[in-house]
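This report concerns one molecular model and its ligand site. The sequence and structure come first.

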Amino acid sequence: MTDPTDAKTITMTDDTTSGESGAGAPRASLPSRGTSLGELSQHDGPTAIVTNAAPGISVTGLQAYYGSGHAIKDVSIEYAPNKVTAMIGPSGSGKSTVLRCLNRMHEEIPGARAEGSVLLDDADIYGSSVDVVAVRRAIGMVFQKPNPFPTMSIFDNVAAGLKLNGIRGVDLKERVEKSLRGASLWEEVKDRLSEPGIGLSGGQQQRLCIARTIAVEPQVILMDEPCSALDPIATLKIEELIDDLKQRFTIVIVTHNMQQAARVADTTAFFLAGELIEHAPTNSVFTNPSDSRTEEYVTGKFG
Ligand code: ADP
């Protein structure tokens with residue numbers, strides 16, 4: 001699993017540090033809802049353009065490979081703006097691979113490649129001149145295991161998202177507080193911001209990682225089984241948070257927990273052996289699936 005703490009990812013962020021303002025000088029524009037990445041970078045400054053409307057993602061004919069292994073087979077799917085889309089399916093069905101293709105993390109795995117089109121609104125994130133750093137800033141990711149930077153304080157963990165992305169010209173304290181509030185963690189940590197992030201409980205650590213992700217003001221948040229390491233109460237908190245976050249972000253969540261998909265997702269996509277079998281409103285996937293394989297899976301006959 002690629003992780004934001006990987007040296008590779010950190011190195012890539014160097015690309016955004018050029019430019020006087022430090023707000024990033026994109027190599028190419030990644031238009032989104034009529035804006036360019038240059039305009040998107042205005043989110044970094046004190047004059048940030050704040051809008052609750054997030055773009056959707058449209059995937060067409062996605063193929064993903066690990067060397068000669070064909071993991072994702074001709075997947076086309078729409079992730080609706082400001083909605084939660086859950087991806088379910090048995091282990092190995094390709095959920096995480098599809099997720100990583102949505103912000104070009106897949107290509108970081110040696111030997112891995114993807115084909116097809118992934119549009120953020122109307123911008124092809126695989127376009128030849130698109131800045132991959134900008135893609136990952138616009139489409140953030142939260143991982144299965146909470147991964148706060150072990151030597152950093154709570155405050156610095158959140159600020160790290162900004163620093164790693166080369167974002168300057170921001171009131172750090174204000175952005176950290178806003179992000180921690182956005183992750184429903186502020187009240188629990190506001191009096192101990194200088195304490196180590198790893199001193200928090202597992203659920204708090206995951207919310208800290210969500211705060212780190214939203215600190216750079218992405219448009220889409222990808223979550224790869226974000227609750228699988230958490231207890232039921234911490235899980236519930238994250239699920240409530242996801243419901244809250246969709247007011248501002250488009251959310252895609254991989255989960256092996258069908259109850260979780262039923263609780264949090266507006267639509268659910270069922271994957272099997274690298275193919276998308278069905279994608280429909282969550283209620284319909286669980287109560288009236290159109291494909292017999294979906295029905296067998298959601299009723300526990302396999303997987
Ligand atoms: P899921 O998330 O549904 O469990 P994955 O996307 O992890 O499924 O895996 C899809 C397929 O790709 C599986 O056959 C898996 O073995 C393969 N795969 C996943 N990651 C790698 C990797 N790093 N190297 C080689 N094959 C991989």
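The text below covers the sheet, its strand E3 and the ligand shell.

This is a predicted model, in which local features need pLDDT of at least 70 and side-chain atom pairs count only at pLDDT 80 or more, while totals for chains, interfaces and linings use all residues. Residues are numbered from 1 along each chain as its sequence is written.

**The sheet**

Helices (H or I, at least four residues) and strands (E, at least two) are DSSP runs, numbered from the N terminus. Two strands pair if DSSP finds at least two bridges between them. Six strands form an open sheet with mixed pairing, in the order E6-E7-E8-E3-E9-E10. Strand E6 (139-142) and strand E10 (275-281) are its edges, each pairing on one side only. From one strand to the next, the twist averages 20 degrees. Helix H8 (residues 202-214) lies across E6 and strand E7 (220-224), and runs at about 170 degrees to E6. For such angles, axes are lines fitted to C-alpha atoms, for helices over the stretch in contact (C-beta atoms, placed from the backbone, within 7 Å), and angles run from 0 to 180 degrees between N-to-C directions.

**Strand E3**

Strand E3 (residues 84-88) runs parallel to strand E8 (residues 250-254) and is joined to E8 by four bridges. E3 also pairs with strand E9 (residues 267-272), again over four bridges in the parallel sense. Some of the residue pairs are listed here.

| Residue in E3 | Partner | Partner strand |
|---|---|---|
| Val84 | Ile251 | E8 |
| Thr85 | Val252 | E8 |
| Ile88 | Phe270 | E9 |

A residue is buried if 20 or more other C-beta atoms, placed from the backbone, lie within 10 Å of its own. Five of the five residues of E3 are buried, so E3 is largely enclosed by the rest of the structure. Val84, Ala86 and Ile88 lie on one side and Thr85 and Met87 on the other, and both faces are covered.

**The ligand shell**

A residue counts as near the ligand if its C-beta atom, placed from the backbone, lies within 6 Å of it. The residues around the ligand include Tyr66, Gly69, Ala71, Lys95 and Ile109. Strand E2 (69-79) and helix H3 (95-101) each supply at least two residues of this shell. H3 gives the most, with three residues. By class, the shell has three nonpolar, eight polar and one charged residues. Here Ala, Val, Leu, Ile, Met, Phe, Trp, Tyr, Cys and Pro count as nonpolar, Asp, Glu, Lys and Arg as charged, and the others, Gly among them, as polar.

How values were computed. Contact = placed C-beta atoms within 7 Å. Buried ≥ 20, exposed ≤ 12 C-beta atoms within 10 Å, placed from the backbone.
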